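User: Please take a close look at the aromatic rings of this model, and at the surroundings of the bound ligand. I would like one connected account with the geometry spelled out.

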Amino acid sequence: MAEQKQFVGQAEFAKGLEGVIACESTMGYVDGKEGKLIYRGYDIFELAEHSTFEETSYLLLFGKLPSQSELDDFKQKLVQQRAVPKEVINALKIVAKTAHPMASLRTGVSVLGAMDKNAEDESIENYTSIGISLIAKMATIAGAITRFRKGKKPVDPDPKLDHTANFLYMMNGQKPDDYTARVMDVSLILHADHGMNASTFSSMVVASSMSDMYSAITAGIASLKGSLHGGANEQVMHMLDEIGSVDKVDAWVDDAIATKKKLMGFGHRVYKAYDPRATILGEYSQKITEAHGRKDLYDMAKRMEDKVIAAYGERGIFPNVDFYSGTIYSAFGIETALFTPIFAVSRISGWAGRVIEYVTENRLFRPRAVYTGEMEAKYVPMAQR
Ligand code: CMC
């Protein structure tokens, strides 16, 4: 029998590409040991305190904080780009009521790409203008999906509102108060970029074949949907619903640990320390759930965090970004199935920035596999099998 492992290459095999370096980037850095997250040199705590999602998106796309006039111009572009073609709304009308909202979002962006006559223009200027357009339009699409799921008509964007206030307005049909808009804005800042995560890498792989920006972003949405990635925020809420009340947390977690159940919203490939995004969202969760009469959600989550860290903290398993976000969205009255689309409405900035950065110095992604199959099989005619 011939040797069963065949591989020609320089790299070590790492399951799930753990630790593999796929590119160079100036977009951002995840320090998993220290629990630090940096966008273009700026610590996430600084951005969460001082920046806005619009400004952070500019930072991710263009590599520097904007001047006032650059920011005004960028915001104006978002205003101009918010409306989506009627064909997109018509497609959403068909799918949004029953499909998973991430499937609807994926469909919406795909139809958008099919309607854009400039989709195939490979210039970096075109990639950038589609990136800006998608930052604007994905919020509009997610808003329309929310409305169709409630059996209501989409709400047109309001040119006087900032991006995040507009997003909430298009979801709920009511203008949010300043504090609610600010908390959602911070959440969008925190979700905007995160190294070579699965969805970002998916977008980059698609872009690297010189497909097009819409196809790349559609792939990112498809990947983010999964429960091990962005879809975990939805699963966390189902888990908290299943537990039901704070007095049931201990027994539930003990059983989950004994039966080796996966605890959603915990653990991370890179962070082996507390995820800084969860620190910020945990603090907001405490305030918001209390203000909206849903302190029960925070209390359950916090008790769960303490139990899980006591059991798994030594192994580097801590809450991640998806653990507290849903308690905040739930307190705002947002349906659980919409949590991952909110993630996508933010992550589009990171996807677009990293795709643009990569295609600027493009090289096709094309890894290898270790072949573990048969090498010398002889073809057997059908009659003899
Ligand atoms: N609950 C229980 N055990 C866990 C968990 C968890 N959430 N996460 C990791 N472990 C254990 C796992 O069972 C394994 O144990 P053992 O060595 O005994 O087999 C060990 O830790 C290593 O886990 P892994 O699954 O090999 O680690 P990974 O780097 O492949 O997975 C992860 C990272 C995020 C997929 C995983 O931690 C997980 O499934 N977490 C739950 C889903 C989740 O919250 N995902 C959101 C991630 S952060 C936001 C985002 O990027 O979208």
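Analyst: What follows goes through the ligand site and then the aromatic contacts.

The model is predicted, and every value below is computed from it. Around the ligand there are 21 residues, of which His229, Lys262, Leu263, Phe266 and Arg269 come nearest. Sorted by class, this shell holds nine nonpolar, seven polar and five charged residues. Polar contacts to oxygen atoms of the ligand involve both backbone and side chains: a polar backbone atom of Gly230 is 3.2 Å from a ligand oxygen, an N or O atom in the side chain of Lys262 is 2.7 Å from a ligand oxygen, and for a polar side-chain atom of Arg315 the distance to a ligand oxygen is 2.9 Å. The ligand taken alone exposes 930 Å², and the protein buries 67% of that area.

Phe266, one of the residues that come nearest to the ligand, also belongs to an aromatic cluster, which it forms with Tyr298, Phe323 and Tyr324. This leads to the ring pairs. A pair of aromatic rings is described by the distance of the centres and the angle of the planes. With ring centres required to lie within 6.5 Å, the count comes to ten aromatic pairs. One of them joins Phe62 and Phe74 in an edge-to-face arrangement, with 6.5 Å from centre to centre and 90° between the planes. Phe62 is in helix H2 (residues 53-62) and Phe74 in helix H3 (residues 68-81), so that the pair links parts of the chain twelve residues apart. The two partners differ in their cover: Phe62 has a relative accessibility of 37% and counts as partly exposed, whereas Phe74, at 2% relative accessibility, counts as buried.

Phe201 and Phe365 form another edge-to-face pair, with 5.2 Å between the ring centres and 80° between the planes. Because Phe201 lies in helix H9 (residues 198-208) and Phe365 in the segment after helix H16 (339-360), this pair ties together parts that are 164 residues apart in sequence. Phe365 has a relative accessible area of 15% and is therefore buried, the cut-off for that class being under 20%.

Two lysines complete the account of the rings. The charged end of Lys175 sits over the ring of Tyr169, at 5.7 Å from the ring centre, and Lys287 lies over the face of Tyr284, 5.2 Å from the centre of that ring.

Conventions: Residues numbered from 1 in each chain as written. Predicted model: local features only at pLDDT ≥ 70, side-chain atom pairs only at ≥ 80, totals over all residues. Heavy atoms only, no water. Near = heavy atom within 4 Å. Polar contact = N/O pair within 3.5 Å; in protein donor to acceptor, adjacent residues only side chain to side chain. Areas by Shrake-Rupley, 256 points an atom, 1.4 Å probe, with all protein chains shown as cover. Nonpolar A, V, L, I, M, F, W, Y, C, P; charged D, E, K, R; others polar. Phe/Tyr/Trp six-rings, centres within 6.5 Å; stacked < 30°, edge-to-face > 60°. Helix = DSSP H or I, 4+ residues; strand = E, 2+ residues; numbered from the N terminus. Buried < 20%, exposed > 50% of the residue type's maximum accessible area, 1.4 Å probe, protein only. Lys NZ or Arg CZ within 6 Å of the ring centre and 35° of its normal.
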